Amino acid sequence: MKPIIHIENVHKCFGNVHALRGVSLDVERGEVVVIIGPSGSGKSTLLRCINRLEVFDEGMIVVDDIPLDSAENINAVRAEVGMVFQQFNLFPHLTALGNVMLAQRVVRKRTRQEAEEIGLDLLRKVGIPEKAHCYPGQLSGGQQQRVAIARALAMNPKIMLFDEPTSALDPEMIQEVLDVMLQLVRDGMTMVVVSHEMGFARAAANRAILMDEGLIVEEAPPQILFTNPKYERTKAFLSKVLH
Amino acid sequence: MPIKFDLWWSKPMNMQDPIKTSVKEPAFVLPNAWRERYFDPWWGLVAAVATLIVLLVVTRPNPFLRILVYARDGIWVTISVTVTAFLLILIIGLIVALGRLSRIKILYGVMTIYVEVARGIPLLVQLLFWYFALPTVIQSIGAALNIAAFRNYLANPVLMAVLGLTFCYAAYISEVYRAGIQSISKGQMEAARSLGMNYFQSMRYIILPQAVRVVLPPVGNDFISLLKDSSLVSVVAVADLTRRGREFMAANFIPVETWVMVALIYLVMTLFSGRVVNWIERKTRLEH
């Protein structure tokens, strides 16, 4: 079977900084991949290249049989690829429900009623139906992030990208977001997650990847990568993260 | 609820920070909350100036009522010129601002040159150019190319005044818009784009609704400036309030009463506009 995300020799420079230096990665349908690595290692950049929030300089990315280099289909690709950000990026002028409904109406052209039904359903799924009519400013970080997940899911994405979804959260709110993500894993969603939540990686990921200096250093099932890594670089990083 | 002062200059711009605010909305709206949101004691100042005008008119109809009657078509011209120009300014300013934010180099360059030129020439000189110089240019072009419509072109003072005001003020407003759009965090655009919205949809539904709240105070400020600067059109044959005042003074020579009355009429209009802007600001403020 063809991989749903095919990344081949991707390079990306920001000025003098060579953020990605030839990354290749295939993600199968239904697979959960966790990317770890020190800051500045290019893991977020790689994620953002997958829905072309960053335009890569060289190489090839194919998402669900659509190559990303032609501009016409980029919005089609983005609608299929949900993204969750570290800073939530909810729309502060819309209610939680409004956040979940807007793109359904504008991009998917659903009717108000349809969008509202799907929206309320998803808010129920992420566990905060009672906050449907609250503005983001009235929600806690964990609640905001769950609305952000619901907002991405409303587009019926085939792939979900998570860019450090719990890094901006207070410790007691991390679990509620991870629970929602675990539920997605059980539903069979293809996910690429940049995160240092080792517990989540162990419980859910098929593969863990360590990136450093714009390259994939090591990839293995999380149980093996975390306990018995092959490379010194991985060991050094893990010893810092795991204390 | 925290106590907020009802001073328009100390209005907190709290919509920018959706993360840290956590004031719970009460289940029902308290009279206090209602007052804080809608009651604005500075309407009293508008009322005071309006009362002063009425008092002057009632107690000394000669000359104050005469001035008011004489200048009333001028008031109407001032309002209509200002409002028409302002509507054009809002639209053109947005187009210019988007051009200035564009990655297309030519668009950016053209818009930047326009803004620098329009800001760099005094409004009075611009108005004189539009009314006196431009028609002459059109006439000579008409003569050279033998186009009768151009050769016999006569400037319409009101049209040229509106064009002149629009050309100048759209540049200022575009800079306000640009700052407002840039004040919205990049993550908002990224979130919108990542959901599959295109650039214009993202602008329309995500960026502009937020930017509008940011730019309302400076845009309102520019409206009041425009209302006052519209008095400059009196030099290009537009019979606005200022020009009517001058005509009245020339005929009667009572400068003190004339200019007091004209000043009070301007003042009541600008104070009123200021309150309306403030009211819109309160209505559109994000609830946290």
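**A sheet, an interface and two pockets**

Okay, let's start in chain A, where four strands form an open sheet in the order β2-β1-β4-β5, with antiparallel pairing. Before I go on: this is a predicted model, so please keep that in mind. At the edges of that sheet you'll find β2, residues 17-27, and β5, residues 66-67, each of them pairing on one side only.

If you're wondering what holds strands together in general, strands of a sheet pair through backbone hydrogen bonds, either parallel or antiparallel. Here, have a look at the β5 end. β4(A), residues 58-63, runs antiparallel to β5(A), and two bridges join them. One spot to click on is V62(A), which stands opposite P67(A) in β5(A).

Now, what lies across the strands β1, β2 and β4 of chain A? That's helix α1 of chain A, residues 43-50. Its direction makes an angle of about 60° with β2(A).

Right, on to how the two chains meet. On the chain A side, 28 residues are in contact with 26 residues of chain B. Between them the chains bury about 2,300 Å², and 61% of that is on carbon and sulfur atoms. Which residues of chain A lose the most area to chain B? Those are P92(A), H93(A) and Q138(A), and together they make up 25% of what that side buries.

Let's move to the pockets. The largest one has a volume of about 1,100 Å³. Its lining counts 27 residues, and the ones nearest the centre are L101(B), R103(B), M189(B), R193(B) and Y199(B). Both chains chip in here: α2 (74-80) of chain A supplies at least two lining residues, and so does each of α3 (61-101), α7 (157-183), α8 (186-194) and α9 (199-229) of chain B. By class, that lining splits into 15 nonpolar, four polar and eight charged residues.

Then there's the second largest pocket, with a volume of about 540 Å³. It is lined by 25 residues, and nearest its centre sit F86(B), L90(B), L216(B), V219(B) and I280(B). The elements giving two or more residues to this lining are α3, α7, α9 and α11 (255-284), all from chain B. Which of them gives the largest share? That would be α9(B), with nine residues.

And how does the lining of this second pocket divide by class? There are 21 nonpolar and four polar residues, with no charged ones. Back in the largest pocket, remember, the lining has eight charged residues.

That's my tour, thanks for listening.

Key
Residues numbered from 1 in each chain as written. Chains lettered and ligands numbered in written order. Predicted model: local features only at pLDDT ≥ 70, side-chain atom pairs only at ≥ 80, totals over all residues. Heavy atoms only, no water. 1 Å grid on protein atoms, 1.4 Å probe; cavity = no way out; pocket = protein on both sides within 12 Å on 5 of 7 lines; lining within 4 Å. Points joined across faces, edges and corners; volume = space filled by probe spheres on them. Nonpolar A, V, L, I, M, F, W, Y, C, P; charged D, E, K, R; others polar. Pairing = 2+ DSSP bridges. Contact = heavy atoms within 4.5 Å. Axes fitted to C-alpha atoms, helices over the stretch in contact; angles between N-to-C directions. Buried area = accessible area lost by both parts, 1.4 Å probe.
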